[in-house]
Structures are given as C-alpha cells and as structure tokens.
Amino acid sequence: MKAIQFLIGFALLALASSLAPAYDPSLLQDICVAIDDPKDGVFVNGKFCKDPKLATAEDFFLSGLDKPGNTTNRLGVNETHANVEQIPGQHPCPPHIHPRASEILLVLEGTLYSDVFVFPIGLIHFHVNIGNTSAVAYSGLNSQFPGEITIADTIFGAHPRIKPDFLAKAFQLDPKVVKDLENKFGNGN
C-alpha cells in the first residue's frame with residue numbers, strides 16, 4: 001500500500017515539475033542591438049545581435065514620440081509602437097491584453113482613467129481619456145514583442161465566426177444586439 005502511495009505521489013510530483021510557463025527568454029547579455037544580417041552577429045532571443053562595440057545612440061532612439069498622433073479613428077486613439085523593429089537596441093532590454101508581457105503605464109500629460117498602473121500579463125485592460133484635452137502616456141512592456149489582442153475585435157470580428165447564439169448566451173445579450181456588434185466589427189452577414 002505504501003509503495004502505491006509513493007508511486008502516485010512521485011507521479012504527481014513529476015507531472016507538476018514538467019509544467020513550465022512560456023515567456024520570452026531571459027536576458028542573455030546586457031545589450032543586444034538587433035540586426036537582420038547575421039554576418040558579424042550572434043543569434044540571441046530570435047534576432048542577430050550587433051557587436052556591442054559597434055552600437056550607437058541611434059540604436060536606442062525613436063523619434064516622433066513627442067508629436068501628437070492621428071486620433072481620427074473609431075476608438076479616438078493613436079498608439080506609436082516602439083518594439084524591437086523600431087528600436088533595435090530594445091531587443092533584450094527590460095524596460096486590450098498583452099499575451100506575452102506585463103505593462104506599466106505612466107500618464108505624462110492630460111487625464112487618463114489611470115495615471116500610473118501595472119497590468120499583469122494577460123489582464124484585460126483599457127485606457128480612456130477622461131479629461132477635456134489630449135493626453136500623453138508612456139507604457140513599458142517586459143517583452144520585445146508583447147502582442148496586443150483587442151477583445152471586441154477578437155470576439156465580434158472573429159474568423160471563423162463565433163455563433164451569435166453562443167455570444168448572446170455568454171454575454172447575456174439579445175441575439176439582435178450581437179448581430180449589430182458583429183456588423184460593427186466586420187463580421188455581419
């Protein structure tokens with residue numbers, strides 16, 4: 001009997017220890033300026049790295065963040081992405097749902113619903129300007145490609161389409177409301 005209990009306990013321990021969270025790889029070096037040409041580079045975290053002695057200030061800089069963006073879209077928001085494609089020196093540097101990153105948001109100007117907030121990885125969150133002027137905020141994410149999934153687009157604009165009856169039941173809505181939302185998110189028939 002003790003042998004069976006031991007085997008069950010050992011099997012559970014082995015199973016539990018085999019589970020591993022999936023995140024971006026940990027930093028392997030202090031800086032890595034991402035380059036596309038592997039000719040003098042070292043492969044780290046999915047990109048080739050420039051020789052650190054050849055890194056320049058431009059590798060860590062993105063211009064234009066001080067200029068207001070175009071907010072004449074259906075959400076009234078402009079996001080200027082600053083990931084490894086725009087700032088090659090960000091490659092392994094540490095600084096709605098982001099499937100691969102946590103985010104910290106800092107409002108510099110104006111009034112957003114939250115002035116400083118940390119959003120854990122995968123948490124559904126939003127940013128809303130509740131002031132009477134434009135707002136400027138910076139957010140930092142702990143991934144070189146954090147991803148972004150807009151919930152309404154994902155649900156009501158899904159391809160293949162999620163059956164309206166399922167959505168109506170899940171959100172406790174009238175099926176006509178679901179069909180109206182699908183039309184707004186490009187999934188109407």
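Here are three exercises on this predicted model, each with a worked solution.

Ground rules: the model is predicted, local features need pLDDT of at least 70, side-chain atom pairs count only at pLDDT 80 or more, and totals for chains, interfaces and linings use all residues. Residues are numbered from 1 along each chain as its sequence is written, and side-chain values use heavy atoms, with hydrogens and water left out.

**Exercise 1. Work out which residues of helix α3 are buried and where they sit around the helix.**

Step 1: Get the terms straight. Helices (H or I, at least four residues) and strands (E, at least two) are DSSP runs, numbered from the N terminus. Buried means under 20% relative accessible area, exposed over 50%, and partly exposed in between (1.4 Å probe, protein chains only).

Step 2: Go through α3, residues 164-171; Pro 164, Leu 167 and Ala 168 turn out to be buried.

Step 3: Look down the axis of α3. The buried residues fall within an arc of 100° (taken from the directions from the helix axis to the C-beta atoms), so they line one face of the helix. An α-helix has 3.6 residues a turn, so residues three or four places apart point the same way.

Step 4: Flip to the face turned away from the buried side, and you meet the exposed Asp 165, Phe 166, Lys 169 and Ala 170.

Step 5: Ask what does the covering. The cover includes α2 (151-156) and α4 (175-184), with contact meaning heavy atoms within 4.5 Å.

Step 6: Step just past α3, where Gln 172 takes a positive phi of about 55°.

**Exercise 2. Describe how Phe 156 and Phe 171 pair up.**

Step 1: Rings of Phe, Tyr and Trp (its six-membered ring) pair if their centres lie within 6.5 Å; planes under 30 degrees apart are stacked, over 60 edge-to-face, and the rest tilted. The structure holds 3 aromatic pairs.

Step 2: For Phe 156 and Phe 171, the centres are 5.8 Å apart and the planes make 40°, a tilted pair.

Step 3: Place them in the chain: Phe 156 belongs to α2 and Phe 171 to α3, 15 residues apart.

Step 4: Check exposure. Phe 156 is buried at 9% relative accessible area, while Phe 171 is partly exposed at 40%.

Step 5: Add Phe 185, and the three form one aromatic cluster.

**Exercise 3. Put the helices into the whole chain.**

Step 1: Count the elements: 4 helices and 6 strands.

Step 2: Read them from the N terminus, and the order is α-β-β-β-β-β-β-α-α-α.

Step 3: Finish with burial: 21% of the 189 residues are buried.
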